[in-house]
Amino acid sequence: MAHLLLIDDHPLVQVALEAALASAPIPLSLTAVDSEAAAFQALQQRMPHLVILDISLPDSNGLEMLKLLKRRFPDLPVLIYSAQTERLYMQMAQAAGAAGYIVKSQSMPQLLSAILAVLGGKTVFAADISAAGALPLTGKEQQVLSLLAQGLSNLQIAQQLHISNKTVSTHKKNILEKTGAHSVLDLAALWKAQQ
């Protein structure tokens, strides 16, 4: 029997998922917790075959928790189940090692199908993550993003692109605004996911 760990603070999600699991073609058991602290406690008691993780938790950022889970348990598949529909979240989850990303507006049978696919070793991302195309950046912003992702400083980028340091700063600010990223590390993950 495959064991699942649901990390989500909405009790209705647990109830709906339990009902969906009852119709699964293989026996599945579920433990549900509503916080990062409870999740790590549950992981010490019983290692699941799959973690289903919400991005918005009361005591944690789900993407940061995903990174922590992948560092501690690199072979444990994590399926993101979130209300966040922005492509950026999907790309950041994929870059951080998620095995899939399902949007809460999708049906429970679609979530169950994704769970079974991930348990079978596949990755499952909402259709629009791969069909979404390139980021809404200008050609110069794409160049700057590429060089930032390679670890170059603003000054090094300015020298390489033959533009001023101030122009690089402006491009960087615009890239952060357009993508919703919060740091250069987020931008690097975003660039990696886009490649």
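Start with the whole protein chain as a surface: about 9700 Å² is exposed, and carbon and sulfur atoms supply 54% of it. Accessible areas here come from the Shrake-Rupley method with a 1.4 Å probe, and for residues only the protein chains shown count as cover. You are looking at a predicted model, in which local features need pLDDT of at least 70 and side-chain atom pairs count only at pLDDT 80 or more, while totals for chains, interfaces and linings use all residues. Residues are numbered from 1 along each chain as its sequence is written, and side-chain values use heavy atoms, with hydrogens and water left out.

**The whole chain**

Switch to cartoon and show the protein chain from end to end. You will find 10 helices and 8 strands; these are DSSP runs numbered from the N terminus, with helices being H or I of at least four residues and strands being E of at least two. The C-alpha atoms fill a box of roughly 60 × 30 × 25 Å along the principal axes. Of the 195 residues, 46% are buried. Here buried means under 20% relative accessible area, exposed means over 50%, and partly exposed lies in between (1.4 Å probe, protein chains only). Among contacts with a separation of 6 or more, 67% are between residues 24 or more positions apart, a contact being heavy atoms within 4.5 Å.

**The sheet**

Now select the strands of the open sheet. Its 6 strands follow the order β2-β1-β3-β6-β7-β8, with parallel pairing; two strands count as paired if DSSP finds at least two bridges between them. At the edges stand β2 (28-33) and β8 (124-125), each with a single partner strand, so one side of each has no neighbour in the sheet.

Zoom in on residues 78-82 and 100-103. These are β6 and β7, which run parallel and are joined by 4 bridges. Show side chains here and you can pick out Y81, which stands opposite I102 in β7.

**Two helices across the sheet**

Select residues 11-21 next. This is helix α1, lying across β1 (2-7), β2, β3 (50-53) and β6, and running at about 175 degrees to β2. Angles run from 0 to 180 degrees between N-to-C directions, with axes fitted to C-alpha atoms, for helices over the stretch in contact.

Then move to residues 87-95. Helix α4 lies across β6, β7 and β8, at about 155 degrees to β7.

**One side of α2**

Which residues of helix α2 are buried? Colour residues 36-45 and pick A39, F40, A42 and L43. They cover an arc of only 160 degrees around the axis, which puts them on the same side of α2; the arc is that of the directions from the helix axis to the C-beta atoms. This buried set packs against β1, β2 and α3. Turn to the other side of α2 and you meet the exposed A37, Q44 and Q45.

**Charged pairs**

Side chains of opposite charge can pair when their charged atoms come close. For this stop, a salt bridge is a side-chain nitrogen of Lys or Arg within 4 Å of a carboxyl oxygen of Asp or Glu, and by this rule there are 3.

Select K104 and D8, whose side chains meet in a salt bridge at 2.7 Å, N to O. The two residues are 96 apart in the chain, K104 in the loop between β7 and α5 (108-119) and D8 in the loop between β1 and α1. K104 is partly exposed at 21% relative accessible area, whereas D8 is buried at 6%.

Keep K104 on screen and add D54: this salt bridge is 3.1 Å, N to O. D54 sits in the loop between β3 and β4 (56-57), 50 residues from K104, and is buried at 3% relative accessibility. Through shared partners, salt bridges join D8, D54 and K104 into one network.

The remaining stop for charges is E64 with K67, where the closest N and O atoms of the salt bridge are 3.3 Å apart. Both lie in helix α3 (residues 62-72), 3 residues apart, so about one helical turn separates them. E64 is partly exposed at 45%, and K67 is partly exposed at 30%.

**Around α8**

Finish with N154 in helix α8. This residue is buried, at 18% relative accessible area. Leaving out residues up to four places away in sequence, N154 touches L148, N165, V168, S169 and K172.

Then select H162, in the loop between α8 (154-161) and α9 (165-179). Its phi is near 55 degrees, a positive value in a residue other than glycine. Is H162 buried or exposed? H162 is exposed, with a relative accessible area of 73%.
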